[in-house]
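Student: I have this model open beside its sequence and would love a guided close look at one part of it. Could you take the disulfides as the centre, and then walk me outwards to whatever else is worth a look?

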Amino acid sequence: MNSKGWKLMWVVFFLGGWWLFRCDGCWDDEKTALMQLKPYFSEYIDGVNKWGEGDGDCCKWERVECNNSTGRVIRLFLNIIDFRSVHGFFDDSMAEDAVLGWGEREQCIFSFLGVLSNLKSLGINHNQLEGAIHIKELNALSNLEELFMSGNKVTDFVPSQDNETQLRLMNLKTLRLEDNHFNSSILASLGRLSNLKSLSLGGPNFTGSIHLTELNALTHLELLSLSCSSSLTDTDSNCGLPLQSLALFPSLNTVRLTGFNVEGTIMASQNEYQNNFTNLEELSVGYSFLQTNILGSIGQFTSVKRLKLYKCEMNGSLNILEGLCEMTNLQQLSLNFNNFKSSLPECFSNLTSLRNLDLSRNQFSGNISVLESLTSLKTLYLSSNQFSGNIDALKSLTSLETLVLSSNQFSGNIDALKSLTSLETLELSSNQFSGNIDALKGLASLQDMWLSNNNFQIPVSLGPLFNLSKLKGLFADNNIMYGETHVPSSSPRFQLKAISLSCCGEAESFPEFLYHQHDLMSFHLSNIFFKGNQFPNWLLLNNTKLESIYLTNTSLSGSLELPLASHIHFSYLDVSNNFFNGSIPPEIGEQLPSLVFLNMSKNHFIGTIPSSLGHMTSLRVLDLSDNKLEGKIFSGNFKLPNLRVLKLNGNNFSERIPDLLSKSLLLLALDISNNKLSGRIPKWLGNMSSLQRIILSNNHLEGTIPIDFCQLDLIVLVDLSVNNISGSIPSCFNPSKIIQVHLAKNRLRGTLPDALRNSSTLVTLDIRENLLSGNIPSWIGGLSNLSYLLLSHNNLQGKIPMELCKLNHLSVIDLSHNNLSGQIPPCLNLTTLGDLDYVNARMIGSSIFSLNVPIDFSMKNGHKSYRGRIIPLVSGIDLSCNKLVGEIPPQIGHLHKILGLNLSHNSLTGPIPPAFANLRQIESVDLSNNKLSGNIPSQLVGLTFMSTFNVSFNNLSGRTPSRVAQFGTFDEFSYLGNPFLCGEPLPKCADTGSSPPKPNSSTDNDGEHGLIDMGAFRVTFIASYTVMLLVVPIVLYINPYWRRAWFYHVKTAATFCYYFVLDNVLPRRFYCRNL
């Protein structure tokens, strides 16, 4: 038989043998074991719930793999996919149920797995497995090569009864145990895994000093990953790791350390370990504290190709970058999220093998000229640093595919990019680049580019980019957009998926290139003035996959016309701040049925809300504010079950707040202020358990505040101001997260409820212009975050509590127009919340609402409403129109940041404190209508921001301040009613060589009255006054003609005096209640 015949014979033999001995299904004992495992996993892992159904061959079950010859189970894939990747958020209840799923079962799953003796790979990651595992049961899996058990709650490997303390899985090559509850004692259980190549350990209980000597038998280890729970602020509590111990593993290729206090010296410097790290190619250290004796010699890792140091802290000032220059084999270097503060060293140019460089999110500064020689770079990340200068050094990096320079201080043009023809991703946002974008014309590989927040001059036509056929995303907000004289006649070669050109400038019409786009999914073109254009409904017609349109503040006008066809992919529409008129499209609900976000605010829409809008079951945010809509708020069938935010403020809606809104149980924010709504506040608002913000101000609501409001545990903002609400504030209203309470200009009675005493998060308490009575409670000093206290125009009495001095964040205090008595507390401490981010975080959290609830405060001759970004800058005191006595505390002069001070219409005595000269930012001071005495401090002329100054109607004496700076603008009305004041703008002092006259003292002697006999004067005056009182009524009684004339003249004089006083006197002197 020839050789070909023998070969054919052997093939037939082997095929026949395979057919005879092939498996017809899994083994019964293994099938039984899998069915015993099913209850542990079926509820949370797809496919396991179908085990045992249909085909009885377990080798065909999902997540099970068998050996084709023997039918034995060799692999189980029982990893749980992270909840967040499936649902978009972490569901705590699901996680808790998963834990309970294990806790309810007493038997460990490894008691069932022992039957699967041929198992080679087992994956049970993220299963919330709790407790300890018996070593004997795990050792039964003697053929196991891979064990993936990360993300559970396993605490220990428990020795068996025969004192078996170590794992004997001699075939195990990969072991992943990170994110469990082991402590470092687990290392003793792993010492015999001599064939192990990959080991990952760590978790919240991995603490203390980690000694790896117990693993010295793992000579084949190639990957070691250790993670520890530690703190960068308290390095003494960190896990310790002597780097020398890593030299125990001569085959080590990859080292990843997270959360350590890395100590010791570089191993390569020790003779006995000189050759132990020649295989090390990857070193990654994160969330750790590194000592400088390590960093200084890091260059001795000459074999390392990938080095990553992220979110680390270092002691000393040694520049780690100098040590890196010796690592000439580096291909990937990542130093992101550290706190490096230096320029790039010149020797950095030695790293010519680098392909990936990430220096983002540090404080590097200076230029980047040293990068010019790194010609092998494919990715370069320099974002969020302080680099400056031009980018000419990049012209030689022709291999670059990804370039990220955002959030630096680069300037100049971008001509250096012309040569980067391999570039696919370009990020230049938030720098100071200028000039045109012609340099991008030839970058044919570009797919995505970010140019926002620069000074580029970009033509609206995007002509320079027409040949970039691979371009999919363009983001160039906040540059200089301009219309070209000659618009390109050709069509662009790109088909964009996302475009954002929001900024400034103007254009005749929408860019022509948009008419050629058919793949758009996201479209942002806000803050550009399009002359007389209407809504581009052709965008929806041409781009069937379009998901979002943002056309805010683009001067669009006319009626809003939508395509007739339904667009099921479209979910975001923002056309706010335009000039649209007419009605909202009546069929908007059918045309855009999948809308999630709809903002049509600040337009001129009229009519009612179309009923179809109430059928948008996916809608989460609806903003129709500041239009001219009227009628009822929704009518007919209403079903918005997913609505989170509803803003209808600034319209002409009338009638009652509809009960239909109670169906939106997920509502977080409701703003229907500035309408014409009437009736009572509905009780069902108290049942909206998710509600965080209620704004109902400036309506005609009446009745009382529903006691159901006490159930709003998550509420952070309540604004019911400017209504006709009566009754008292519910005594049970004490939400734990409340931040702003606005109840001003109602008819509320009673006292401040004690329930508010526990509102430690409260920032604004505004109950002005009500009928509150009683004292200001002392517990108000416990509102540690209170910044704005506005209680004016009430009937409060008693003293100002000294506890107000405990409020360290207080910015505005307005207690005017009450009946308060006593002295002004000298310890008041006012500041400003100048940090706007801090204010936003405290006052409004993460929400589309801004600081639009106004803060009213008296300044510059009247009340003003402050809202928006100016609120954090407002600081002042208004205690006017009370019954306060005593002297003005000089400590007020140390409140350097206050803008307004009004102490008028009290009974304050003593001098004006000279310390007021320290109020360098003060704009308004009103001390009028008191009993102040002494001179006006001359130092006040240094207050250059002061625009209002009033000390009229006191007992001040001496000269008025020099008419310089702001004091040159104050007229005589600022000083009236002080007879012993002189000097401009009052009459000049009589004798410049002598002091002006002073008020008489109460201790004057009789001789000081001159030649007048005061006793005789008093007797004759009383007698004459009595005769007049008797004679005039008698004469008027006798003569009716004189009587009628008398009353006529009295009436005329009274009327004249009334209007004279009303128009000329009261605003300056006595008219206190309406100041």
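Tutor: Here is a walk that begins with the disulfides and then moves on to confidence, one loop serine, the aromatic rings and two lysines.

Please keep in mind throughout that this is a predicted model. Searching the whole structure turns up 6 disulfides, and we can visit three of them, beginning with the link between C26 and C58. Their sulfur atoms are 2.1 Å apart. C26 sits in the loop between α1 (3–21) and α2 (28–41), while C58 sits in the loop between α2 and β1 (64–66), so this disulfide ties together parts of the chain 32 residues apart in sequence. How accessible are the two cysteines? C26 has 12% relative accessibility and counts as buried. C58 is buried as well, with a value of 0%. The cut-off behind both calls is a relative accessible area under 20%.

Now step along to C59, which a disulfide joins to C66 with an S to S distance of 2.2 Å. The angle about the S-S bond is -95 degrees, and the link of C59 and C66 is left-handed. The two ends are not classed alike: C59, at 21% relative accessibility, counts as partly exposed, whereas C66, at 11%, is buried. It helps to recall that buried means under 20%.

For another disulfide, jump far along the numbering to C982 and C989, whose sulfur atoms are 1.8 Å apart. Here the angle about the S-S bond is 85 degrees, which goes with a right-handed link. Both C982 and C989 are buried. Two further cysteines are worth finding while you have that residue type selected. C312 is buried with a relative accessible area of 2%, and C503 also counts as buried, at 9% relative accessibility.

Before going further, a word on confidence. The chain has a mean pLDDT of 83, and 83% of its residues reach 70 or more. Over residues 82–106, though, the pLDDT is below 50, and beyond near neighbours in sequence this stretch has 27 contacts in the model. Residues 835–850 also have a pLDDT below 50, with 38 contacts in the model beyond near neighbours in sequence.

Next, please find S502. This serine lies in the loop between β30 (498–500) and β31 (506–507). S502 is buried, with a relative accessible area of 11%. What does S502 touch, leaving aside its neighbours within four places in sequence? The answer is D477, N478, H524, L525 and S526. If you want a distance to check in your viewer, take S502 and T554: they are 52 residues apart along the chain, and their C-alpha atoms are separated by 9.4 Å.

On to the rings. The count of aromatic pairs comes to 22. One of them joins W51 and W61, whose ring centres are 5.6 Å apart with the planes at 20 degrees, so the pair is stacked. W51 and W61 each lie in the loop between α2 and β1, so the pair ties together parts that are 10 residues apart in sequence. This is also the loop that holds C58. Both W51 and W61 are buried.

Another stacked aromatic pair is formed by F340 and F364, at 5.7 Å centre to centre and 20 degrees between the planes. This pair links distant parts of the chain, 24 residues apart: F340 comes from the loop between β17 (332–334) and β18 (356–358), and F364 from the loop between β18 and β19 (365–366). F340 is buried, with a relative accessible area of 10%, and F364 is buried too, at 0%. The pair also belongs to a cluster, in which ring pairs link F340, F364, F387, F410, F433 and F456.

Let's finish with two lysines that sit over aromatic rings. The charged end of K308 is over the ring of Y310, 4.9 Å from its centre. The charged end of K311 is over the ring of F337, and here the distance to the ring centre is 4.9 Å.

Conventions:
Residues are numbered from 1 along each chain as its sequence is written. This is a predicted model: local features need pLDDT of at least 70, side-chain atom pairs count only at pLDDT 80 or more; totals for chains, interfaces and linings use all residues. Side-chain values use heavy atoms; hydrogens and water are left out. A disulfide is a pair of cysteine sulfur atoms within 2.5 Å. Helices (H or I, at least four residues) and strands (E, at least two) are DSSP runs, numbered from the N terminus. Buried means under 20% relative accessible area, exposed over 50%, partly exposed in between (1.4 Å probe, protein chains only). pLDDT is the predictor's confidence in each residue, from 0 to 100. Contact means heavy atoms within 4.5 Å. Rings of Phe, Tyr and Trp (its six-membered ring) pair if their centres lie within 6.5 Å; planes under 30 degrees apart count as stacked, over 60 as edge-to-face and the rest as tilted. A charge sits over a ring if NZ of Lys or CZ of Arg is within 6 Å of the ring centre and within 35 degrees of the ring normal.
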